[in-house]
Amino acid sequence: SVTQGQVLARIDPAEPQAALDRADADLLDARAEVRDSARALAIARDELIAAEEQATLRQSALERQQDLLRRRSGTQAAVEQAEIAVSSARDAVLAKRQSVAQAEARVDQAETRLARQNIALSEAQRRLDNTEIRAGFDGTLTTVNVVEGRLVSANEQLAQLVDATALEVAFRVSTAQ
């Protein structure tokens, strides 16, 4: 006689447990990558803002040099140098925008990896849970074909669980009986 939920048979859980442990560790790595990629994105955005501010300052310096040249207080060389600095600052802004785009892509990849690791963890947990066979209801085991330590194959019937309270019995009786 067995009760509902009682463990009826268990296979060696070593491999599924190791797979679950690996999936759990991989999940921790994926979570760390999500956090790290978010921090990298924040830094890339800050660097872009700094580069844009630097480009604005360079543009102001160029306008100041052009104004000085118009008033005949500056030189053409100083204007050209300021133009080169503006061009360089614009290149830096473009590079920082590219860094932001790469950081955003890294965040997306990290979130995808995290989702995949959550799936892998639930699959590993399901495989570990499947190492035990539990009684689905109260009943009696019949035609038991199990020996401790024996290897079993897929779809092999180990026993039958019978619910004595759910049996139906039919008798044919004659009119005279």
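## Briefing: two helices, their salt bridges and a surface patch

Ser37 is buried, because its relative accessibility is 0%, under the 20% cut-off. Its place is in helix α1. This model is predicted. In it, helix α1 runs from residue 14 to residue 70, and helix α2 covers residues 76-129. Salt bridges tie parts of these two helices together, as the pair Glu104 and Arg45 shows.

**Helix α1 and its end**

- Helix α1 contains 57 residues.
- From first C-alpha to last, helix α1 reaches 83 Å. That is close to the 84 Å expected at 1.5 Å a residue.
- Arg72 comes just after α1 and takes a positive phi of about 65°.
- Leu68 also belongs to helix α1. Its relative accessibility is 28%, so Leu68 counts as partly exposed.
- Leu68 is in contact with Ser73 and Gly74, leaving aside neighbours within four places in sequence.
- Leu68 and Val79 are 11 residues apart in sequence. In space, their C-alpha atoms are 8.9 Å apart.

**Buried residues and what they touch**

- Which residues does Ser37 touch, not counting those up to four places away in sequence? They are Arg106, Val107 and Ala110.
- The side chain of Ser37 has a polar atom 2.9 Å from the backbone oxygen of Val34.
- Leu27 lies in helix α1 as well. With 2% relative accessibility, Leu27 counts as buried.
- Leu27 is in contact with Leu114, Gln117, Asn118 and Leu121, once neighbours within four places in sequence are left aside.
- Leu27 and Val169 are 142 residues apart in sequence. Their C-alpha atoms are 54 Å apart in space.
- Thr131 sits in the loop between α2 and β2, the strand at 132-134.
- Is Thr131 buried or exposed? Thr131 is buried, because its relative accessible area is 4%, under the 20% cut-off.
- A polar atom of the Thr131 side chain lies 2.6 Å from the backbone oxygen of Leu128.
- Thr131 is in contact with Ala9, Arg10, Ile11, Asp12, Pro13 and Pro16, leaving aside its neighbours within four places in sequence.

**Salt bridges**

- Side chains of opposite charge can pair when their charged atoms come close.
- How many salt bridges does a search of the whole structure find? The search finds 12.
- Glu104 and Arg45 meet through their side chains in one salt bridge, at 3.2 Å from N to O. Glu104 is in helix α2 and Arg45 is in helix α1, so this pair ties together parts 59 residues apart in sequence.
- Glu104 is partly exposed, with a relative accessible area of 33%. Arg45 is also partly exposed, with 40% relative accessibility.
- Lys96 forms a salt bridge with Glu47. Their closest N and O atoms are 3.8 Å apart.
- Lys96 lies in helix α2 and Glu47 in helix α1, so the pair ties together parts that are 49 residues apart in sequence.
- Lys96 has a relative accessible area of 27% and is partly exposed. Glu47 is partly exposed too, at 34%.
- Glu156 forms a salt bridge with Arg150, and their closest N and O atoms are 1.8 Å apart.
- Glu156 counts as partly exposed at 26% relative accessibility. Arg150 counts as partly exposed at 30%.
- Four residues are linked in a network of salt bridges: Glu33, Asp36, Arg39 and Arg106. Arg106 is also one of the residues that Ser37 touches.

**A nonpolar surface patch**

- Which residues form a nonpolar patch on the surface? They are Leu141, Val144 and Val146.
- Together, these patch residues have about 230 Å² of accessible area.
- Val146 lies in the loop between β3, at 140-142, and β4, at 160-162.
- Val146 counts as partly exposed, because its relative accessibility is 46%. Partly exposed covers the range between buried, under 20%, and exposed, over 50%.

Methods: Residues numbered from 1 in each chain as written. Predicted model: local features only at pLDDT ≥ 70, side-chain atom pairs only at ≥ 80, totals over all residues. Heavy atoms only, no water. Helix = DSSP H or I, 4+ residues; strand = E, 2+ residues; numbered from the N terminus. Expected span 1.5 Å × (residues − 1). Patch = residues over 30% accessible without salt bridge, like charges linked within 9 Å, V, L, I, M, F, W, Y side chains within 5 Å. Areas by Shrake-Rupley, 256 points an atom, 1.4 Å probe, with all protein chains shown as cover. Buried < 20%, exposed > 50% of the residue type's maximum accessible area, 1.4 Å probe, protein only. Polar contact = N/O pair within 3.5 Å; in protein donor to acceptor, adjacent residues only side chain to side chain. Contact = heavy atoms within 4.5 Å.
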